[in-house]
Every structure is written in C-alpha cells, then in structure tokens.
Amino acid sequence: MKKRGYGSLEPENEVDRRQFLKIGGAAGAGWILGNRFLWSHEAGQDAPAQKTPPPRPKTNLEDALKVPKTKYSLPGPFPGKVVEVHHPDAMKDEKPNPEVIKAMFEKGMTRLTDKNLKASFGLFFEKDDVVGIKVNPVGPGLISTRLEVVDALIAWLLAGGIKRPNIIIWDRFDYMLRDAGYTAERYPGIGIEGLQTMDEAAAEGKTQDNSRWLRPDGSHVSAENFDKDVFYWADVEGPKDLPYLNQHVFNGKYSYFGRLLTKKLTKIINVPVFKNTGNAISMATKNIGYGAVCNTNRLHRPLFLDVCVEVPAFPVLRDKLVLNITDGLRAQYDGGPDGVAKFTYYFNTLFFATDPFALDMVCHNILVQKRKSMNVPVNENPRFTEYLRSAQKLGLGVVDDKIQHIRA
Amino acid sequence: MRRGNLLLIHSFVLVGFGLAAQVIIPQDDFAPGWKSSGRPSTFIKADLFNHIDGGAELFLEYGFDKLLVQRFARGKSELTLDVYEMESPESALGIYLTKCGQETPVAGIRARNSGEKSQLTILKSKYFVYVNNFDGDAKNLPAMVALANKALESIPEVPFDGWLEQLPKEGQVDHSQRLIRGPVALQPFFTFGDGDILELRGKIFGMLANYRGEGNAVYARLIIPYPVQKQALSVYENLRANLDPYLKILSTRANGFVFVDFKQKYGVVELIGSKLDIRFNLTSVPKS
C-alpha cells in the first residue's frame, strides 16, 4: 500500500434524539451544523477566535433542487433499506475469496430487491446503459475497494447484457486506480478512467518541473476532463498555489463535475470502503461526493460533510447513482481517511442499498460501536450525522427510524 | 544526486530551544540490503495536504513545521520514513497521543513508540516519526526498527514540560491522557459548540483524561490553563452564551454551570482562576 484513503428489522437510532433533532433543526435553520464545527477554525494560525458561529458559505444547491426527479433519482426504489451480508470466510490472511464474495453479492442483491440476480438487473439498467463503477482506491491493497467485489459486479452487468466497453471503473485520480490494481491487464475490455491526473513527483516536492501537468497557458492538463457547464459552486476560494492546482485542477469557487459523468455514463454504481474520517465516516456519500468533482480541498473546512449531500443532489449523480455497495471485507475504525493498518480488521461484510444516506447512517452506527469496543474515543453528538438527516429533508434518502436494516 | 553509503543530511533547525540540531535521514544499509528509493520529499504547512489530504488539519492545529519523507526498498519490499518536525515537544506529544492508539511498544526502539509490523509510531523531542511497511510483511520489522533507530540517533533529547502532570492522578484511567490544542483534536471527544469555542487557537494546550467515578463509570475531564484570568473569563462567558445546541444548561453556580447532553449525561464547567475545568460524560448531576 502506498501512502496517498440475521433477518431482523430494527430502527437505527438507539438513542431517543427527537428532542435534540428539534433543537438542531431550529439552530441550523434546517441545515447542517456539523461541518462548521468540524472545520471552521484557522488551525495553527493566529486568527481571532470566533465568538459566534461562522456563517455557512453559500452554495448553488438550489439549482440542483429545481430539476425534476426521474424514476432513477435518489433514493432509488428502496428508500431506507440496507442489507448487510456477512461471511467469515470472505477474506482471510490478506486474501479475498472470490467465490464467497460472489455468493455474498448474490445474497445481498436478492435481499435488497426481493428478486433474483437476473431480475434485479432490470430494476436499474437497460442493455445500452454505460455503467460507471466508482471505487475507492485510497489506501491501495489495505483498505481500498476489493477487486473481487468489482468482479462480482461486472459479472452481473455482463450477464444482464451490458457490453464490456460500456462498463467503466472510475475514480477521480488515475494513478490511484493503478496503485489499487485497476488496470487494463486486470480488466481487459473494461474501461478504467481517472477523472484527472496529478504529478506525484511535483506534489511531493521532488521536482520543480511542472510540465507534466501544467500547460504553458497555466491550465492543468486534465482541465478538459471536467465539464464547465455542470458544477457545484460554493463561496469558498481554492488556493492559488501550484501544488493545489496540481491536485485539484481548478482553484476558484467552482467544483466541476467530471465530463465522464456528465457526458458518458448513464448509470453509476458506488463501491466505497468501510472506514472512518476523524469522528465521522468516509463511506458511500463521501466517496461519491468528493470523488465526482474537482477543486475539493477548499471545501473540507467550511463544508466538510455538507458536500456529501449537496454534490450527490445534482442530477448528474442523483439521477444516475442507482446502487451502492459498501465494501467492509476489511474495515478501518480509526486513523482514516488514509489507510492505517493497525486500525484495520477483517469485518467480512458487504452492505447493499440504493439509498446511500441510509447506508451511511447504518454504517456510521456500526462504526461507533466498533470504536467503543476498541476504546477509541467517540463523540456521539448528533452533529456528525446531521448531514444525513438533511438529505432526508431534501428527499434524497431515509435515515430516521424508518430505516430497514436487514442482516441477511 | 550521487548516492552511495554516504548519509545525506537534511537539516531541520530547532527553533525555540536555543540550539540547533540536524535530523539525519539514513540512506543505505541501515539494515542489510535496504537502499533509499528516490529523492526525499519535503512538505511545509502550505502543502501538507498533498501528503495527507484530509488529515493535515490535525497536524496544523498541533503546530506543524515541516515533514520529510524518504522511501527505502529491498527487492519488492518498501519502507517509508516520515519525520514530522513539530513546533515543540508538547506539539509532538499531542499528535503522538492522538495517533498511537493503544500503545503497543515495539522492543528495541530507543524512544517512546507504539507499533506493529505495518507501522511504527514514534515520539522523540519535537519530532513525530512514522515508519511504514506497506506490504505488512513481518519479516521487515527488524529493518523498520533499525531504520527508526538510525533516524532517532540524530534527534537530541529536549527537556519536556510535564503538561499532563497537571491532571489529577486519582481515578485517572491509564493511557487515556491527551493534549488538546483546538477543535480538530477535541472532535472525537466532545462538542461544546461551533468552531474553536474554547479559543485554543492552535496555541493553548488543554489536558484531557478519562476518570472512574461513581459506580466505576467513566467520565472525562478537560483542564485548560489560559495565560491570564481575563482570557479564561472571556472564554467561559462565550462558552456559556454559545453552548452547543445539543447541550442544555441545567443550573448555574458561582463559578460555573451544569449541563445535560443529548444522551442524558451530565457535565460541569468551572472557572477556577485562569483555568477552565470541564467534566463531561458524567452519569449523574455533579455535586457542587
């Protein structure tokens, strides 16, 4: 790894938080509080302390909400439904078991859709769809999306009639895909696309030669990979320095969606991994929210978790993201979003949902219990899941006590 | 750059202790067959996110100055050495306690450490050091230890102020101590309000630990010594006025207030001279 990220139905919120949800709704004017707490400070600098909460930066979310939904829009055909499939032999001694994982996939999809694998295909796809599989390659080999999970997905898509060239494994960064094993050799005939490149040597200060990523006109070589007509705007400037531009392609107030998503893909399957980021989680909504657009680092501090709701609210994701599978074969309970081996464990579990917000709520609660069991500090302030409740208010998901968490 | 068995010297100038020192990054043969791989990478405050995107804020809050990264290889195996120079030994201790998890010292390392076959986490003076073994092969552990010790040789011992000694010992849960220097470090423990509501500003250290109270229940205690009483009073008043909406003040005292949180647990904030003394996660209303 290179350093570079039981058949029961039960409500997910074990604590009665109704009173506090009311408080949060009032205090946050129906919107997200947690992020401003998370990042609204000037770390390591002599900034004056803030006596009142900082204002939340404006965004163009309203533009997204104006667009009518389609039959494929989030939260999909199974709002609030999350299927958890566990098998103790899925991964052992660093080796995933492809046959076991394939069986887990079939079980998960069957329980999610109440249809067999073949019939479930028709709920999400048509044969001429171009399907993008969004993996998480951060922490390659240690905590990245397992190739065997993607193999099971591809087999299902091919069996349903999708042509190999119309299946594209993608992430924001091309080099991360390679490091995680997503190569043309491993996936012949399948598309492998990073939305952008980044010159690692320049980023790490090993060279002052920026010509591999910076053109003479000052633009990034990946600039055309992003669609300037489709964007998430937030009133936060990206830094103007070259290292930032190298990593983020653009540095103004616009985070453009990848052209792959706006022009080519007709459906998206999101395959994040089960891990934390600080006291929060870095799973389904973060994988897609931060993976689909450029110029993201500027958003971490003022809008950290908001992005996980607002970016997927745009039709380019909202109407194409039809399925989410969280890879918890090996999970990480602390040290994230980067992979840290000592905090990983074999969880041997896959989660299935059309509703990424319900999925993240279920996984958040499971991670909290794991952190407690490992004596890792946990802050259970409802702020850290407020963004998920905000998604429900926007009609994008179901995260309250109507969640159906099925352990298959 | 010419390589060989020579040691390349990368200087990190120690500031604030009236002395200068150099961290010597081992290049080759710190263990049989291991060679440096590529040039070292350096990161400063402005570009730390290039190395740890999403994780830089914590280091910056504790007081990060520079990072030097060097990769080493033997065959297909690879190790990396990450040397973080922090502002002070307290800064390095703060980040170490946050990152080490349950301390599991590896034998043979000549500094405080926690680790296993994939990663060593080490603290010495104002330096926080990672040694990473990315393929997790346990056979590389002796080389990891040798690499760590070689790098540690050049780091001088620096007198350390016993900040954590200010925490009461009675009832303290072992290995629960933390130094807090802002909201990012405090985030896993508790939320008192928006932003840097305790006004630590990445400059003022608070000391936190868990304690066993009534019925053996565990609660947390955070003590923050502000430079002057006036500042402590200002922070206290701001906190009381802008307390997190998920907390509710139950009663006030001459020098403090009691609150209840979203899990029906209790807390108390007391202003004692220039210190804030905060207890939270209490299972019952604290007695005055």
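What follows is a friendly exchange between two colleagues about a predicted model with chains A and B.

Colleague: Before we start, what does the model require of pLDDT for local features?
Modeller: Residues are numbered from 1 along each chain as its sequence is written, while chains are lettered from A and ligands numbered from 1 in the order in which they are written. Side-chain values use heavy atoms, leaving out hydrogens and water, totals for chains, interfaces and linings use all residues, side-chain atom pairs count only at pLDDT 80 or more, and local features need pLDDT of at least 70.

Colleague: Glad to have that. How many strands does chain A have?
Modeller: Helices (H or I, at least four residues) and strands (E, at least two) are DSSP runs, numbered from the N terminus. On that basis chain A has 16 helices, and its strands number 14.

Colleague: What percentage of chain A is buried?
Modeller: Buried means under 20% relative accessible area, exposed over 50%, and partly exposed in between, with a 1.4 Å probe and protein chains only. Chain A has 408 residues, and the buried ones make up 64%.

Colleague: And what area does chain B expose?
Modeller: Accessible areas come from the Shrake-Rupley method with a 1.4 Å probe, and for residues only the protein chains shown count as cover. Chain B has 288 residues, 59% of them buried. Carbon and sulfur atoms supply 52% of its exposed area, which is about 11500 Å².

Colleague: Which helix gives the most to the largest nonpolar core?
Modeller: A nonpolar core is a set of buried Ala, Val, Leu, Ile, Met, Phe, Trp, Tyr and Cys residues joined through side-chain atoms within 4.5 Å. The largest has 68 residues, and Trp170(A), Leu261(A), Phe274(A), Leu317(A) and Phe351(A) touch the most other members. With eight residues, the top contributor is helix H15 (residues 356-373) of chain A.

Colleague: How many residues are in the other core, which includes Ala92(B)?
Modeller: This core lies apart from the one just described. Among its members are Ala92(B), Ile180(B), Ile224(B) and Leu247(B), and its residues number 67.

Colleague: Turning to rings, what kind of aromatic pair do Phe231(A) and Tyr254(A) form?
Modeller: Rings of Phe, Tyr and Trp (its six-membered ring) pair if their centres lie within 6.5 Å; planes under 30 degrees apart count as stacked, over 60 as edge-to-face and the rest as tilted. Across all chains there are 38 aromatic pairs. For Phe231(A) and Tyr254(A) the centres are 4.8 Å apart and the planes at 80°, making the pair edge-to-face.

Colleague: Which strands does that pair of Phe231(A) and Tyr254(A) tie together?
Modeller: The two parts are 23 residues apart in sequence. Phe231(A) is partly exposed at 25% relative accessible area, and Tyr254(A) is partly exposed at 34%. Because Phe231(A) lies in one strand of chain A and Tyr254(A) in another, the pair ties together S7 (residues 226-233) and S8 (residues 254-258).

Colleague: Is Phe347(A) buried or exposed?
Modeller: Phe347(A) is found in strand S13 (residues 344-353) of chain A. Contact means heavy atoms within 4.5 Å, and beyond its neighbours within four places in sequence, Phe347(A) is in contact with residues including Glu84(A), Phe274(A) and Ile366(A). Its relative accessibility is 15%, so Phe347(A) counts as buried.

Colleague: Over in chain B, why do the buried residues of H5(B) line one face?
Modeller: Helix H5 (residues 229-241) of chain B has 13 residues and reaches 18 Å from its first C-alpha to its last, close to the 18 Å expected at 1.5 Å a residue, where the expected span is 1.5 Å times one less than the number of residues. Ala232(B), Val235(B), Tyr236(B), Asn238(B) and Leu239(B) are buried in H5(B). The arc is that of the directions from the helix axis to the C-beta atoms; seen down the axis of H5(B), the buried residues line one face because they fall within an arc of 165°.

Colleague: Which exposed residues sit on the face of H5(B) turned away from its buried side?
Modeller: The cover over the buried residues of H5(B) includes strands S13 (256-260), S14 (266-272) and S15 (275-282) of chain B. The face turned away from the buried side carries the exposed Gln229(B), Lys230(B) and Ala241(B).
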